[in-house]
Amino acid sequence: MPEDTGTPTPSPEPGEQPRRLRIPVASARADAPQFQIAAGNPRRAERLAASGFVLAAAGFAGFGASYWQNYSNFWLAITLAVGFAGLGYGMVVWAKFLMPRGPFSESRHSVAPTPAQREMFIDDFASRGKVAVERRSLLVKTLGLASGILGVVLAFPLLRSLGPLPGTTLRKTAWRRGAYLVDITGRKIKTDDLEVGGFITVFPPDDIGGAYSQTMLIRVDPPPVSGYLTPPPQFAEQRATWAPQGYIAFSKVCTHAGCPVGLYEELTKKMLCPCHQSLFDVTDAAIPIFGPAPRPLPQLPLYIDEEGYFRAQDGYDEPVGPGYWERGND
Amino acid sequence: MTRPHALWRGLLVSLALVVSASFVGVFLLGGGRDDLSLASSSADVAAASLTSRDSPTDASQLAAGRTLFVENCSTCHGISAEGGDRAPPLLGIGGATVDLWLSSGWMPLAEPSAEPVRKPAKFDRAQVLEIVRYVTSLVPSTGNPGIPFGLDISHADVAEGFSLFALNCAPCHTITGAGDALADGIQAPPLHGVTKTMVWEAIRTGPGNMPRFGPGTLSPAQVVDIVGYVVKNIQHPVSPGGFSLGGVGPVAEGFVGLFVGVGACLLAALWIGDRSEGGQEEDNDGHEDHDGHEDPDGDQDAHHGDDPRELAHA
Amino acid sequence: MIDALFNWLDDRLGISGSGRKMLNKIFPDHWSFLIGEIALYSFIVLLGTGVFLTLYFVPSSKDVIYEGSYAPLRGQPVSEAFASTLNLSFAVRGGLLMRQMHHWAANIFVGSIVVHMLRVFFTGAFRRPRELNWIVGSTLLILAIFNGFLGYSLPDDLVSGTGIRISFSIVESIPLIGSYMAFFLFGGNFPGNSIIPRFFILHVLILPAIMVGLLSAHLGLLVRQKHTQFPGRDNTPRNVVGAPLWPTFVAKTTGFLLLIVAVTAGLSALFQINPVWLYGPYVPYKVSYAVQPDWYMGWLDGALRIMPSWEIVGFGHMIPNVFFPAILLPGITFGVLQLWPFIEARLTHDYADHQILDRPRDRPKRTAFGAAVFSFYFVLFGASATDVLANYLSISLNVVLTSFRFLAIIVPLIVFPVTYRICKEMQAVPTAGQRKRANIVMRSAEGGYTTVPAEERPGDAVPRIVPMPLDEDIEFVPEMAGVLVGSDGTVVGDGGAAGNGGAAGNGGATGDGAPGESSPPAPTGDDRPRGGVFKVPRVYR
């Protein structure tokens with residue numbers, strides 16, 4: 001409690017806020033150093049700030065004019081920028097140099113309560129709450145049961161209605177046995193449509209433009225003596241006839257993250273995926289030799305029919321594109 | 001608490017740094033490079049106006065071409081263009097290939113072991129045509145394409161060309177034609193500063209690691225559409241939003257957004273706010289912590305903090 | 001007139017009561033405390049420009065034939081989303097300006113959040129009692145990054161559409177539930193027709209609503225717990241020193257908002273961003289090269305690129321390659337980020353309250369650790385530009401990639417000890433970073449040298465003014481025979497009473513410079529000299 005120093009101070013009434021001495025204060029504060037402005041030359045500071053505002057006015061007026069006249073984006077934006085810059089500059093100059101310079105302070109009271117306050121809170125909460133739940137375990141348990149079931153079934157519309165189950169969708173593409181290879185316009189591709197070192201993006205006729213059935217048909221070499229490009233040893237049996245007359249077809253969907261592998265280096269005979277730079281060796285069953293791709297690009301088995309058109313012997317023998325949990329070692 | 005001189009100097013230095021950084025960044029990543037194409041398109045017009053074909057008609061022109069060939073090409077490609085250890089044969093290669101490699105400056109190489117790079121062509125248009133005529137005269141035509149004289153792109157459908165470009169060309173050259181690096185040191189060059197003839201020839205002949213797009217893959221009309229798109233929209237892109245930052249997209253935009261954007265805002269913050277009190281005479285010598293307790297090793301392992309109990313009012 | 005209005009409102013709302021506290025609220029002045037405001041105000045710009053854009057953008061994947069003014073796309077089938085974006089850019093007056101300001105503001109928004117987070121980290125402002133605010137802020141960072149990704153994917157162009165394809169693969173890669181979640185999110189297999197409308201509503205409604213809520217919590221916690229401050233003569237754990245809300249802070253912060261809008265508009269004038277008409281519409285079988293995401297996703301893209309081609313296959317199931325850099329890495333990153341206050345408290349055994357900030361040099365281990373971790377993510381960010389770097393530096397792409405794999409490990413290992421040493425050195429030099437007094441070297445006639453300090457330059461002499469307390473339990477009077485009172489109302493001049501209630505006197509808050517003073521101020525626990533000329537009345541409670 002403060003000691004008495006001779007100045008009369010009235011005591012508060014019970015229940016009243018502690019009264020304070022209320023004396024007009026303007027004159028006092030005007031003298032305080034904290035209330036002085038920081039500018040050494042207030043007129044100059046004011047002129048600077050005012051010129052900022054004037055510039056802003058000009059800028060905004062310019063914006064209006066530019067908009068009215070449908071000038072280019074540059075003029076719209078630069079007038080706006082000048083306007084806001086001038087306004088902001090003036091504001092900040094005003095704040096820094098023509099306002100009470102301070103500093104000011106306030107007390108930092110701890111947010112944490114006293115033990116007594118906390119006890120009172122807990123007491124209020126627990127004492128009345130106790131009346132509500134003590135010996136009412138049946139109520140609590142049945143409420144829990146209902147809420148639990150609500151929580152579970154809420155997931156049904158929130159999740160399941162969003163989309164279909166994947167099922168086997170990811171495992172197969174639209175390629176079937178005997179499907180023609182057609183380009184994006186639907187034109188069937190035949191031999192000699194491609195130059196040696198050329199490529200074309202092809203689809204099955206019933207899924208033109210399909211995201212998963214997109215395939216790169218590449219003419220790697222002139223027709224080899226054996227009639228087929230030689231697959232690497234581990235596929236020697238299985239893929240012996242898959243690449244007739246120097247043509248080969250691989251899925252265009254990268255096995256890393258699904259981007260189209262549209263980059264073919266003609267001399268080095270490699271396919272490069274532009275997203276994360278996985279490099280696939282076309283002469284080696286598109287096995288990735290560089291970059292993050294973990295698996296080779298699936299190969300589409302080809303044959304050339306009697307009219308010279310390219311057709312698929314079968315669909316892809318594994319899921320195309322990036323991996324997923326159920327893919328296993330398909 | 002203002003220190004005008006220190007503040008302004010610091011601000012000026014930082015401003016200069018940010019401005020230089022952005023200038024260098026923008027300089028390196030480039031704006032559009034449109035001038036070259038304008039210059040070359042006039043040469044292109046000159047080429048298109050020539051009526052001569054690949055087949056030799058004038059013995060004197062052949063002799064001029066032969067001289068140029070012997071002096072500049074035969075060292076590597078052989079005296080009769082039969083090839084050698086260092087260079088492939090040029091017999092039957094077609095006029096388009098020869099024209100492209102000479103016009104782009106890939107050939108002649110700066111030195112025998114160098115990689116072909118775009119550089120100003122060593123020969124003028126007439127000389128290139130002389131060399132082409134000479135080389136194509138050595139064997140009968142093999143079906144490889146010749147120079148597309150009179151290539152008319154005035155009716156090119158740029159919308160079709162854009163669609164075909166996106167499918168076939170963008171994966172290597174980028175959708176804006178800025179060019180990019182492939183694997184093993186190969187580069188897909190930028191498509192700025194090239195003539196319509198060069199674009200046509202590149203598509204049909206597939207130079208280097210570029211794949212080859214023959215008539216069975218892209219019809220003549222489709223090639224004209226692509227050439228039209230490249231010459232018109234790749235080389236003169238519609239950029240109403242400001243500097244195009246080299247056309248490499250988010251890489252350059254992020255650079256600018258962070259250094260110029262956030263940088264400018266930080267400079268504004270430096271101006272508006274105060275500096276630390278570090279410059280004033282300190283009562284302590286920097287080793288005391290805030291409560292006035294000594295902490296000589298400066299590590300401030302203050303296990304005591306501000307006890308909340310102490311702060312509470314009675 | 002204004003008086004009448006104010007009185008009318010005051011009678012009904014009682015502003016004068018609680019409002020006085022707001023008027024006098026103190027904001028510490030240090031410039032680094034303004035970085036959070038950069039984020040806040042660029043968010044305001046995003047909201048403003050975003051509202052404009054929503055009035056024109058059509059969030060539909062339905063194909064239409066573009067018939068607008070951009071010739072290379074006329075007659076081509078594009079999605080309505082893409083067509084409406086072109087319409088905004090070319091046909092709506094001011095539309096391109098709004099699009100560019102929106103996108104530049106987004107880049108500045110995420111960038112300033114990161115810088116703000118670094119400031120908070122390196123100064124230890126996340127320690128008790130502010131752990132909750134750190135968690136709110138980290139969540140805001142995650143949401144800002146994600147919302148940015150959603151936003152630039154909305155135009156459905158070739159470059160951002162490739163990013164959507166990659167995101168499908170990433171979701172798909174989650175073990176057990178990945179393919180289900182991907183199909184649920186996209187309404188079926190990729191590409192489907194649902195993803196653009198769903199991204200739209202997430203981007204303009206759901207995420208901004210959550211962010212506004214979290215932002216309010218962030219600011220509310222700040223108001224409740226008060227801002228931290230750097231160590232200084234008048235800064236104690238029991239006060240806040242700075243500028244009051246009215247009028248100084250209001251003016252400064254408004255000026256700052258205006259300047260940030262100006263920066264955004266300036267960028268939109270000079271630098272083109274996201275020219276989707278040059279990219280064309282997204283088509284699943286087309287792709288471009290140099291397809292980096294926006295910079296704040298760069299660390300993820302870089303991680304995807306430099307990750308070795310490992311994949312776990314067994315027992316009929318697979319954990320795909322992209323799971324590790326795209327799910328596991330961000331999961332660990334954001335998990336550790338959110339929990340950092342608790343991790344550091346456990347490591348340093350420091351569970352106490354902290355209201356005063358650390359200078360980064362004073363906590364060398366934390367600073368070095370933070371710098372090293374940041375440098376790791378910076379390397380990942382750089383790795384997203386492998387192809388562009390290979391092109392501009394004329395280095396083989398293979399070499400660039402392998403280099404980044406090494407750098408990702410080596411750079412943090414180097415940054416840590418170097419930063420540690422720098423901190424230690426700066427600690428040893430207490431005046432490091434401060435402007436020094438010049439020395440004048442004078443040579444005598446005999447050839448000997450002496451140095452004398454130069455005179456103080458104008459900027460060196462900083463007037464010392466003690467903070468004036470604005471606590472609501474203090475009123476000022478013009479003149480009173482000097483009695484010194486602490487901010488909590490106890491009389492300091494009597495000595496001993498300083499311990500009353502435990503709240504020590506505010507440093508330098510009171511002064512006794514006037515003549516005729518009855519007694520000098522009693523020590524309150526520290527010996528700091530006091531200044532100032534005003535007096536306060538004795539106040540009792």
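What share of the contacts in chain B with a separation of 6 or more comes from residues 24 or more positions apart? The figure is 63%. The structure described here is a predicted model. Chain A touches both chain B, through 37 of its residues, and chain C, through 98 of its residues. The points below cover chain B, the nonpolar cores, the two interfaces, the strands and some backbone features.

**Chain B**

- Chain B has 12 helices and two strands.
- Along the sequence, these elements follow the pattern α-α-α-α-α-α-α-α-β-β-α-α-α-α.
- Of the 314 residues in chain B, 48% are buried.

**Nonpolar cores**

- The largest nonpolar core holds 183 residues.
- The residues with the most contacts inside this core are Leu217(A), Ile218(A), Met271(A), Phe280(A), Phe165(B), Val227(B) and Phe109(C).
- Helix H5 of chain C, residues 95–122, is the element that gives the most to this core, with 13 residues.
- A second core, separate from that one, has 27 residues, including Ala49(A), Ala252(B), Val262(B) and Phe271(C).
- In soluble globular proteins, nonpolar side chains tend to be buried together.

**Interface of chain A and chain C**

- In this interface, 98 residues of chain A are in contact with 114 residues of chain C.
- The two chains bury about 9100 Å² between them, and carbon and sulfur atoms give 64% of that area.
- On the side of chain A, Glu106(A), Arg108(A) and Trp325(A) supply 11% of the area buried against chain C, more than any other three residues.
- There are two salt bridges between chain A and chain C.
- Glu311(C) and Arg295(A) form a salt bridge in which the closest N and O atoms are 2.7 Å apart.
- Polar contacts between chain A and chain C come to 28 residue pairs, with both residues at pLDDT 80 or more.
- Helix H1 (26–31), helix H2 (42–68), helix H3 (73–97) and strand E1 (104–107) of chain A each give two or more residues to the side that touches chain C.
- H3(A) gives the most to that side, with 16 residues.

**Interface of chain B and chain A**

- Here 32 residues of chain B are in contact with 37 residues of chain A.
- The area buried between chain B and chain A is about 2800 Å², with 58% of it on carbon and sulfur atoms.
- Asn209(B), Arg212(B) and Trp271(B) lose the most area to chain A within chain B, together 21% of what that side buries.
- Two salt bridges are counted between chain B and chain A.
- Arg212(B) forms a salt bridge with Glu266(A), and their closest N and O atoms are 3.1 Å apart.
- Nine residue pairs are in polar contact across this interface, with both residues at pLDDT 80 or more.
- Helix H7 (158–168), helix H8 (170–173), helix H11 (250–272) and helix H12 (308–311) of chain B each supply at least two residues of the side that touches chain A.
- H12(B) gives the most to that side, with three residues.

**Strands and sheets**

- An open sheet of four strands, with mixed pairing, has the order E1(C)-E4(C)-E1(A)-E9(C).
- Its edge strands are E1 (26–27) and E9 (468–469) of chain C, each of which pairs on one side only.
- E1(A) and E9(C) run parallel and are joined by two bridges.
- Ser105(A) stands opposite Pro469(C) in E9(C).
- Strand E7 of chain C (439–443) and strand E8 of chain C (449–453) pair in the antiparallel sense over five bridges.
- Within this pairing, Asn439(C) has Pro453(C) in E8(C) as its bridge partner.
- The hairpin of E7(C) and E8(C) has five residues between the strands, and Gly447(C) takes a positive phi near 105° there.
- E7(C) lies largely in the open, because the number buried among its five residues is zero.

**Backbone features**

- Most residues other than glycine have a negative phi, and most peptide bonds are trans.
- The peptide bond between Phe190(C) and Pro191(C) is cis, with omega about -5°.
- Pro191(C) lies in the loop between helix H8 (178–186) and helix H9 (195–225) of chain C.
- A cis peptide bond also joins Trp246(C) to Pro247(C), with omega near -10°, and Pro247(C) is in helix H10 of chain C, residues 245–270.
- Asn70(A) is not a glycine but has a positive phi of about 55°.
- Asn70(A) is in the loop between H2 and H3 of chain A, and is partly exposed, with a relative accessible area of 46%.
- Thr174(B), also not a glycine, has a positive phi of about 70°.
- Thr174(B) is in the loop between H8 and strand E1 (180–181) of chain B, and is buried, with a relative accessible area of 3%.

Notes
Residues are numbered from 1 along each chain as its sequence is written. Chains are lettered from A and ligands numbered from 1 in the order in which they are written. Side-chain values use heavy atoms; hydrogens and water are left out. A nonpolar core is a set of buried Ala, Val, Leu, Ile, Met, Phe, Trp, Tyr and Cys residues joined through side-chain atoms within 4.5 Å. Buried means under 20% relative accessible area, exposed over 50%, partly exposed in between (1.4 Å probe, protein chains only). Two strands pair if DSSP finds at least two bridges between them. Contact means heavy atoms within 4.5 Å. Buried area is the accessible area (1.4 Å probe) that two parts lose on being put together, summed over both. A salt bridge is a side-chain nitrogen of Lys or Arg within 4 Å of a carboxyl oxygen of Asp or Glu. A polar contact is a pair of N or O atoms within 3.5 Å; within protein, one must be able to donate a hydrogen and the other to accept it, and residues adjacent in sequence count only if both atoms are side-chain atoms.
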